[in-house]
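Here's a quick tour of how two parts of one protein chain meet. Have a look at the picture first, then read on.

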Number of protein chains: 2
Amino acid sequence: MGDMIRDLPAAASSSSPTTRRNQLFLGTFVHSKTREALEYLHDTAVCVDASGTIVAVKVGYDLRRSEAELLPRLGWKVGDVEVRVGEEGQFFFPGFIDTHVHASQYPNVGIFGKSTLLDWLNTYTFPLEASLKDQKKAKRVYTACVRRTLAHGTTTSAYYATIDVDATNLLADICLALGQRAFVGRVCMDREGLCPEYYKDESPQDSLRKTRETVDYIRTIDPGFEIVAPILTPRFAPSCSSEAMRGLASMQKELDVLVQTHISENEGEIELVKELFPESASYADVYDAHGLLGEKTVLAHAIHLSEEEAATIAERGAKVSHCPCSNSSITSGAARVRWLWDKGIDVGLGTDMSGGYSPSILDAARQAALVSRHVAMGLRGQERERAKLTVEEVLHLATRGGAKVVGLQGKVGGFQVGMQWDAQLIGLPLVDEDGGRGGEEGNVDIFGWESWEDRVAKWLFNGDDRNTKAVWVKGRMVHSRT
Amino acid sequence: MGDMIRDLPAAASSSSPTTRRNQLFLGTFVHSKTREALEYLHDTAVCVDASGTIVAVKVGYDLRRSEAELLPRLGWKVGDVEVRVGEEGQFFFPGFIDTHVHASQYPNVGIFGKSTLLDWLNTYTFPLEASLKDQKKAKRVYTACVRRTLAHGTTTSAYYATIDVDATNLLADICLALGQRAFVGRVCMDREGLCPEYYKDESPQDSLRKTRETVDYIRTIDPGFEIVAPILTPRFAPSCSSEAMRGLASMQKELDVLVQTHISENEGEIELVKELFPESASYADVYDAHGLLGEKTVLAHAIHLSEEEAATIAERGAKVSHCPCSNSSITSGAARVRWLWDKGIDVGLGTDMSGGYSPSILDAARQAALVSRHVAMGLRGQERERAKLTVEEVLHLATRGGAKVVGLQGKVGGFQVGMQWDAQLIGLPLVDEDGGRGGEEGNVDIFGWESWEDRVAKWLFNGDDRNTKAVWVKGRMVHSRT
């Protein structure tokens with residue numbers, strides 16, 4: 001792969017990590033204070049040191065006061081500090097966390113016909129994934145995917161690649177080069193008869209050996225797993241042998257890394273799991289029996305869980321990635337986020353491309369709100385009201401919720417001292433006085449009389465990548481709209 | 001209003017209607033052939049005369065052949081004809097029809113909290129609508145709304161304005177000036193106790209007189225109702241007196257214009273209608289008994305209809321505007337499009353801003369596909385499969401379906417000789433070879449190996465106004481991205 005790596009794409013920022021400076025951000029900052037409430041910090045200064053860590057958050061500081069009081073207190077010289085001031089109406093927001101996304105399926109977004117999970121895999125998904133053993137094609141696809149999601153403010157992604165080691169390593173290279181925080185997983189699928197012959201691991205041993213190769217490779221390019229980390233990835237129970245799952249479970253304990261898989265997405269899939277694992281009480285029990293259910297486990301979908309399964313998942317501390325766009329698109333079902341929360345399960349959002357068509361976690365948050373209303377339609381009275389998710393709740397899912405799902409709580413997802421600067425700058429244009437060409441940059445039209453809460457709601461529902469003016473990961477600017 | 005009208009916004013095209021020339025469009029044209037199938041016409045020439053009417057559609061014609069054979073046959077001189085060639089990967093598509101949209105609610109898009117219909121009306125909607133008696137504010141809001149929807153390829157809209165005559169007339173002026181085909185309705189709401197005191201017609205007579213004023217006004221600005229036409233608009237049964245509804249029904253018969261209202265959107269609303277009209281068998285029966293159910297009636301929502309109501313609506317030939325974005329957002333329910341079709345009812349799409357947050361009929365089509373899958377989730381077996389709408393079906397709803405709903409079938413919605421040139425040019429950018437900055441213009445990433453069917457699916461699911469390169473109504477270019 002030597003040649004390909006030397007030729008990796010460059011990020012938006014020209015500054016290399018080693019030459020990074022201290023930074024001062026000024027303006028309005030919005031982030032989740034609790035699951036139910038956003039906090040609006042106006043006239044605020046946030047100082048980020050050269051390592052990308054937030055070292056001060058001070059309300060009531062403009063540039064003058066920051067230079068006079070704040071920077072000296074930090075021992076920073078005014079001329080050495082990079083300053084970014086949010087313009088009128090702009091605000092800084094934490095970067096989004098995509099807790100479930102198949103980078104390898106990116107070219108198929110929007111292409112799913114009337115299929116559901118099992119036929120969708122065979123018709124659309126496996127052929128494309130298999131084709132990415134062509135490194136040139138993999139590079140094009142992965143680069144487009146990482147660029148696109150960065151442009152939508154996704155600062156952290158939990159990726160499924162393919163079974164191919166070189167292409168998986170290439171995805172890790174691309175994330176590191178473009179600066180997106182990523183968990184990169186080589187897909188394990190070795191079960192005879194259920195994986196297509198043209199796209200499967202040769203044996204359980206092959207699954208484990210190749211997985212370890214990608215872990216080792218990622219350690220060579222990012223030894224501390226600061227930006228890119230491995231994630232163990234048994235595709236889902238029907239495609240994995242028991243031996244492979246047990247091997248991955250012990251590898252997880254040895255390496256203390258994340259593990260990701262799918263659970264209870266589709267009724268046909270659940271039936272299949274019952275047939276394949278007659279000794280297990282449930283789908284969740286299959287993973288539990290194989291040692292795969294723990295605090296570092298990310299379970300995608302979790303739509304049709306029983307009460308018992310939810311209790312097991314909660315007890316083990318495993319997390320759920322809610323993928324509303326995918327679940328509606330391929331008619332999987334409507335996951336019950338409030339119900340999962342009530343069980344004590346942590347939830348984040350996933351685009352699940354290409355089961356989901358949208359690369360945007362903002363869109364996933366929007367669709368989480370809509371799907372919660374479809375869940376509500378099936379309920380009555382107080383339960384119906386409760387099922388609906390608010391603007392604040394879906395934006396929490398998109399940031400702090402997702403951070404917890406991938407084990408980065410306290411590190412990303414909000415603006416607090418000690419956390420890292422994974423952030424986006426949002427701009428919502430004002431309609432000019434005669435209704436004319438003011439709001440050309442995106443679909444959000446601000447008339448000027450809206451409260452901050454209403455502006456954020458407008459952004460949630462009509463915002464897109466045009467409103468994301470700049471994106472930073474660990475202090476490094478990784479995307480900007482010129 | 002004199003001053004305001006003189007100062008109306010200008011459309012994208014500098015050519016006034018009187019100086020318009022014959023036009024030749026070349027490239028790929030895609031439109032609905034049947035409800036189930038799109039037709040792809042490649043290497044095709046479409047000739048549009050100076051009045052905006054399509055006079056030739058010829059497959060297998062490039063510029064040279066068109067100039068050599070086609071133009072002479074039409075008696076057109078080559079130098080006098082305006083030519084637009086669709087670039088590689090671009091295609092012409094019929095303009096979208098928005099069969100239900102409240103222009104007056106445009107500033108509220110995305111702002112609805114956890115409300116449902118009746119509290120949403122009182123909390124968000126009536127105060128905003130009432131405030132548009134301020135003509136300056138109305139001009140700003142309506143201009144922004146018409147510009148925004150044109151940019152999304154909406155060439156025809158069925159608008160609700162407000163109860164205010166001057167502001168309603170202003171909306172008609174703006175549509176005419178900007179060139180959007182529109183049905184403009186002054187909202188009738190006169191029922192004591194159910195309309196807010198600050199926002200209601202004084203009496204049934206006041207409702208009818210003011211409605212007639214707007215009809216007369218529109219006749220002065222567009223005598224043949226070629227671009228802008230009036231539409232009678234009893235808001236919905238709970239806000240209208242029987243006398244007003246009967247008066248509007250006879251006005252409809254006298255003038256032979258469209259009428260629009262809401263039906264069966266929300267369960268609380270349905271209960272209210274039962275209470276208010278105890279003598280009626282159903283919600284549909286209320287309109288039927290008042291003479292408002294006919295072939296020129298556009299009924300928005302129609303979610304919770306009974307079998308009997310559907311039979312009545314079908315028998316009368318009334319049409320339904322399906323508003324999936326709104327219905328999910330304010331938890332109204334999931335309308336059953338396949339079921340409506342099975343009953344023999346014609347269906348189109350509505351954005352229903354601001355119950356719906358999106359200004360885009362492409363997005364409405366996308367959400368119609370998703371909502372149909374939520375309908376499917378509640379069904380089993382063959383019924384479940386059937387409930388799902390295909391890409392082709394939702395794009396039919398957005399064009400020919402909508403045209404029929406507003407009585408413009410045979411005039412707009414497709415590319416055939418004798419129809420008018422209401423069209424949009426769609427461009428889907430190609431990802432460059434290293435996955436880099438090829439696909440910056442919008443969110444659709446084309447890799448080059450996709451079939452035309454897959455390209456259209458990608459556009460449906462990830463397309464936005466950035467892919468709509470130019471828009472024409474009746475031959476006039478009314479929007480273009482520079």
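In this predicted model, the rule finds 2 salt bridges across the interface of domain 1 of chain A and domain 2 of chain A. Take one pair of side chains: Lys474(A) meets Glu226(A) in a salt bridge, with 3.7 Å from N to O. That distance fits the rule because a salt bridge needs the nitrogen within 4 Å of a carboxyl oxygen. Salt bridges aside, you can also look for polar contacts: 9 residue pairs make them between domain 1 of chain A and domain 2 of chain A, counting pairs with both residues at pLDDT 80 or more.

So who's doing the touching on the domain 1 side? Several elements of chain A each supply at least two residues there, among them strand E1 (23-32), strand E5 (91-94) and helix H16 (452-462). H16(A) gives the largest share, with 6 residues. Sorted by type, the residues on this side of domain 1 of chain A come out as 16 nonpolar, 10 polar and 7 charged.

Now step back to the two domains themselves. Domain 1 of chain A is made of two stretches, 23-94 and 415-480, while domain 2 covers 96-406. Here are some numbers for the pair:

| Domain 1 and domain 2 of chain A | Value |
|---|---|
| Distance between C-alpha centres | 30 Å |
| Residues in contact | 33 of domain 1 with 28 of domain 2 |
| Buried area | about 2600 Å² |

Carbon and sulfur atoms give 59% of that buried area.

Methods:
Residues numbered from 1 in each chain as written. Chains lettered and ligands numbered in written order. Predicted model: local features only at pLDDT ≥ 70, side-chain atom pairs only at ≥ 80, totals over all residues. Heavy atoms only, no water. Domains from an automatic or database assignment. Contact = heavy atoms within 4.5 Å. Buried area = accessible area lost by both parts, 1.4 Å probe. Polar contact = N/O pair within 3.5 Å; in protein donor to acceptor, adjacent residues only side chain to side chain. Helix = DSSP H or I, 4+ residues; strand = E, 2+ residues; numbered from the N terminus. Nonpolar A, V, L, I, M, F, W, Y, C, P; charged D, E, K, R; others polar.
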